[in-house]
Amino acid sequence: MKEFLKKLTNDLFYISLLTWLIYFVVELLKEGLVSNYFDLNLLLIFVVILGAVNIFVNCRQNDRRE
Amino acid sequence: MKFYKYIRLVLILAPIIFLGILLYKDLILSGRLFVAYDFCHSSPFISEFSPHGRVLDIEWVKNNNEKYCQQKMVIDPVYFDVRLPQRFNEARLTVWYQKNPETKLKIGPAVNLSAWQWQLKDINYIRTENNWQVGVVDYNIQSSKLDNNRLRFLVSSPGLDTSGQSIIFKKITIEFIKTPIASWSDFVGRLKEFILFSRLKIIFQ
């Protein structure tokens, strides 16, 4: 279960970060395509929180191993 | 954890499907876009009234069981912009307002901003809703020049400042209409127009 949560957190972080980057570029190319229907800042907040959780869950484990 | 690959697949597919839905919504295959601004919450399509000073601060009103926002226009003219995802042929504007019968009210989109040409029309009063007058106007916006994908509207009431009157606005809705997609060639045309409205327009230039 612990391993599952670690993997899930890691994947969620990278996928949401990549999603935010792609949506940001799409919004730059076609203004309003994303922002007319969805607030990108919400996704950015989600990415930042997931990033912090990911550091806590995965990186601390790696430090202990070293 | 054999099932984890399926979870990963869902995590990857979800944002792709969501982007597809956004594209579908932005293409407006039905040919109808309905936008609204209620003065309480900012709208991604319709901007706030400007310049400030000609319109007073937005007021939050709690009246009996009804909560709403309103804004007073005290000096003419004021403007608002509508950010459009593509070109449209017609626009039907509905406005909820309060004013004296002798106070004139005209609203219209810009035809050519650089030439300061506007398509101003009187608001056609249609009914009263909870002390609010509701008016409708139809515009042909085929020839309107957009400024950075934005259609600017002018709200005019000549002599408003000298008369000491004001016009209170509660809500604005605009329905943009164009021909719906009926065939594959329509879709290709719409897609081309969609790209022309984006920064990818250099492909066709």
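Q: How far apart should the ends of H1(B) be at 1.5 Å a residue, and what is the distance between its end C-alpha atoms?
A: In this predicted model, H1(B) has 24 residues, so at 1.5 Å a residue a span of 34 Å is expected. The end C-alpha atoms agree with that, at a separation of 35 Å.

Q: Where in H1(B) does a kink lie?
A: Look just ahead of the proline Pro15(B). There the helix has a kink of about 25°, and the residue at which it lies is Leu13(B).

Q: Which residue follows H1(B), and what is the sign of its phi?
A: Let's step past the end of H1(B), to Ile28(B). Its phi is near 50°, so to speak on the side of the sign you asked for: positive.

Q: Which element gives the largest share of the side of chain B that touches chain A?
A: On this side, 17 residues of chain B are in contact with 16 residues of chain A. By class, the chain B side has 10 nonpolar, 2 polar and 5 charged residues. The largest share, 8 residues, comes from helix H1 (residues 4-27) of chain B.

Q: Which residues of H1(A) are buried?
A: Helix H1 (residues 2-29) of chain A has 28 residues and reaches 41 Å, close to the 40 Å expected. Its buried residues are Phe13(A), Ser16(A), Thr19(A) and Tyr23(A).

Q: Which residues does Val95(B) touch, not counting residues up to four places away in sequence?
A: Val95(B) is among the residues that touch the most other members of the largest nonpolar core, which has 34 residues. Strand S5 (90-98) of chain B is one of the elements giving two or more residues to this core. With those sequence neighbours left out, Val95(B) touches Ile107(B), Ile123(B), Gly135(B), Phe169(B) and Ile172(B).

Notes: Residues are numbered from 1 along each chain as its sequence is written. Chains are lettered from A and ligands numbered from 1 in the order in which they are written. This is a predicted model: local features need pLDDT of at least 70, side-chain atom pairs count only at pLDDT 80 or more; totals for chains, interfaces and linings use all residues. Two residues are in contact if their C-beta atoms, placed from the backbone, lie within 7 Å. Helices (H or I, at least four residues) and strands (E, at least two) are DSSP runs, numbered from the N terminus. Ala, Val, Leu, Ile, Met, Phe, Trp, Tyr, Cys and Pro count as nonpolar, Asp, Glu, Lys and Arg as charged, and the others, Gly among them, as polar. The expected span of a helix is 1.5 Å times one less than its number of residues. A residue is buried if 20 or more other C-beta atoms lie within 10 Å of its own, exposed if 12 or fewer, and partly exposed in between; C-beta atoms are placed from the backbone. A nonpolar core is a set of buried Ala, Val, Leu, Ile, Met, Phe, Trp, Tyr and Cys residues joined through C-beta atoms within 7 Å. The bend at a residue is the angle between axes fitted to the seven residues ending there and the seven starting there.
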